[in-house]
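Student: I'd like to learn how to read a structure like this one. Can we go through it feature by feature?

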Amino acid sequence: MTALLRLAIVAESDRYRFARFVFEAVEAFGASAFSSASILVNLMPRLREDYRHVGARLEISLLVIEATLYCEWNGKRVSICRLDPVPDTQQLKILSEQLRLASESTDPDLLVRRNRQIEMELEHAKVRAAAEFAELEARLESKKAELQASLRAAATDSLTGLYNRGAYDDRLMEAVTRCARQQEPLCLIMLDLDYFKQINDENGHQYGDEYLKRMAQVMREHVRSHVDIPCRMGGDEFAIMVFAGVETARRIAESILTGMLGRVSIGIACLLPSDSHESLIGRADAALYEAKRQGRGRVCVAVSEHAE
Ligand SMILES: Nc1nc2c(ncn2[C@@H]2O[C@H](COP(=O)(O)OP(=O)(O)OP(=O)(O)O)[C@@H](O)[C@H]2O)c(=O)[nH]1
C-alpha cells in the first residue's frame, strides 16, 4: 500500500481541492478520467455528510493498493479506478511528492499554522529589535555623556572647576568676534592674587590651593551666572569675560576685591571697535600691571575706556 496523499478537510472548499488531486493522480496514471469522475460525483456528497458529522476536520487519504487507486476516510474506503499498467515504486514516489507539494501550498491548516509561525517570528524579531535598539540608545547616551564629560574635563581647571587657559583663549576669541560684529559690550577683567607666593610659603601649598579655590568661589558669587565667564589662567592669575559695559565690570571687580579682603589686584579693559583679542588682553594686562604698580589691592580701568 502506498499513501499518495493525506489531506485535512477543514472547509467545504477542501473537498474540491481533494477531487482535483484525485484527477491529477488519475491523469498521471493514464487511467479513465470519465469513470473516476462519476465515482467522485457520488463520493462528494458522502464526504460533505461525514465532514458535517465530524464537525471540524476530516482526514482523507488517496492510496494505491496493488493495482487500484482508493480514497479512504473515517475507516471507509472507496475504489476510484484500476491502474493499468501497475505503477512502479519510483512513479508512485514522484506523484506522491508532487501531490504533497501541491496540497501543502494550499492547505488552509498549514497556511494558518505558517501565518501564526510568521506572526510569532515577527513578534520576536520586533521585541529583539526593540531591545537591541534600546541597548544601542543606552550605549550611545553613555558615549555622549562620556564625550561631554571629557570635553568638560579638557576645558576645566581641575583645582577650581573654572574654565582653564585653553578654554579661556577659545571663548575670548569667540566673544571678541561676536561682540565686535553685533556691537555688544564686552569687558575683560584680569585678576592676580597679591603676595600669593608669601601665602604659600607661610601656610603651605595645600593652604594655597584652598586659597585659590576660595578666590574661584568669590568670583562665581559675583559674576552673573550663565552670562559672564570666569576662568583660571594658571597659577594665581584669573580672568573674567563680562558681557556688559565698564561700570558693571567695575562693580563686579570691586565686589571680588572686597570678597578677597582687598588682597587681589584687578585690571579692566573694554572692547573698542578697533580691538583684536590680543589688543584687548594687552590693555587689560596693562591695567592689572598698573593696579600692582600703585600698591596692589585695587581695581584699575584701562585709560581709553568710556563709562557706560
Ligand atoms: N598652592 C598653589 N600655588 C601655586 C599654584 N600655581 C602657582 N602657585 C604659586 O603661586 C605663586 C605665584 O607667585 P608670584 O607670581 O610671585 O605672585 P605673588 O606672590 O602673588 O606676587 P604679586 O603678584 O607680585 O603680588 C608661586 O609661588 C607659585 O608656586 C597652585 O596651583 N597651587
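**Reading the model, feature by feature**

Tutor: Let's begin with the sulfurs: a disulfide joins C187 to C270, with 2.3 Å from S to S. Keep in mind that this is a predicted model.

Student: What is a disulfide, in general terms?

Tutor: A disulfide is a covalent bond between the sulfur atoms of two cysteines. In this structure, a search of the whole model turns up one disulfide. The link of C187 and C270 is right-handed, with 90° about the S-S bond. The pair ties together distant parts of the chain: C187 sits in strand β5 (residues 187–193) and C270 in strand β8 (residues 264–270), 83 residues apart.

Student: Are C187 and C270 buried or exposed?

Tutor: Both C187 and C270 are buried.

Student: Why is C179 not bonded to C187?

Tutor: Distance settles that one. The closest cysteine sulfur to that of C179 is in C187, and at 9.7 Å it is too far for a bond. On burial, the cut-off to use is under 20% relative accessible area. C179 counts as buried because its relative accessibility is 1%. C300 counts as buried too, because its value is 8%.

Student: Now the ligand. Which residues come nearest to the ligand?

Tutor: Start with the neighbours, then look for polar contacts. There are 16 residues around the ligand, and Y195, F196, K197, N200 and D209 come nearest. As for polar atoms, one in the side chain of N200 lies 2.7 Å from a ligand nitrogen. H205 uses its backbone instead: an N or O atom there lies 3.1 Å from a nitrogen atom of the ligand. On the oxygen side, a polar side-chain atom of R296 is 2.9 Å from an oxygen atom of the ligand.

Student: How much of the ligand's accessible area does the protein cover?

Tutor: The ligand on its own has 660 Å² of accessible area, and the protein covers 66% of that. If you want to know where the shell comes from, the elements that give two or more residues are β5, α6 (196–203) and α7 (205–222). The biggest giver is α7, with four residues.

Student: How do the residues of the shell divide into nonpolar, polar and charged?

Tutor: Eight are charged, four are polar and four are nonpolar.

Student: Let's try strands. Which strands does β2 pair with?

Tutor: For a strand, check its partners and their direction, then pick out a facing pair of residues. Strand β1 (residues 2–9) runs antiparallel to β2, and seven bridges join the two. In that pairing, R6 stands opposite S61 in β2. Strand β3 (residues 68–73) is also antiparallel to β2, with six bridges between them. There you'll find L62 opposite C71 in β3. As for cover, seven of the eight residues of β2 (residues 58–65) are buried.

Student: Which strand pairs with β3 over six bridges in the hairpin after that?

Tutor: That is strand β4 (residues 76–82), again in the antiparallel sense. T68 stands opposite R82 in β4.

Student: And the turns? Which residue takes a positive phi in the hairpin of β2 and β3?

Tutor: In a hairpin, look at the residues between the strands and their backbone angles. The hairpin of β2 and β3 has two residues between the strands, and E66 takes a positive phi near 50°. The hairpin of β3 and β4 also has two residues between its strands, with N74 at a positive phi near 45°.

Student: Can we finish with single residues? Where is D194 found?

Tutor: For a single residue, ask where it sits, how covered it is and what its side chain reaches. D194 is in the loop between β5 and α6. D194 counts as buried because its relative accessibility is 4%. A polar atom of the D194 side chain lies 3.1 Å from the backbone nitrogen of V264. The D194 side chain also reaches the backbone nitrogen of G297, at 2.9 Å.

Student: And why does E24 count as partly exposed?

Tutor: Partly exposed sits between the 20% and 50% cut-offs, and E24 gets that label because its relative accessibility is 34%. E24 is found in helix α1 (residues 12–29). Sequence and space tell separate stories here: E24 and L95 are 71 residues apart in sequence, yet their C-alpha atoms are 9.0 Å apart.

Note on methods
Residues numbered from 1 in each chain as written. Predicted model: local features only at pLDDT ≥ 70, side-chain atom pairs only at ≥ 80, totals over all residues. Heavy atoms only, no water. Disulfide = S-S within 2.5 Å. Buried < 20%, exposed > 50% of the residue type's maximum accessible area, 1.4 Å probe, protein only. Near = heavy atom within 4 Å. Polar contact = N/O pair within 3.5 Å; in protein donor to acceptor, adjacent residues only side chain to side chain. Areas by Shrake-Rupley, 256 points an atom, 1.4 Å probe, with all protein chains shown as cover. Nonpolar A, V, L, I, M, F, W, Y, C, P; charged D, E, K, R; others polar. Pairing = 2+ DSSP bridges.
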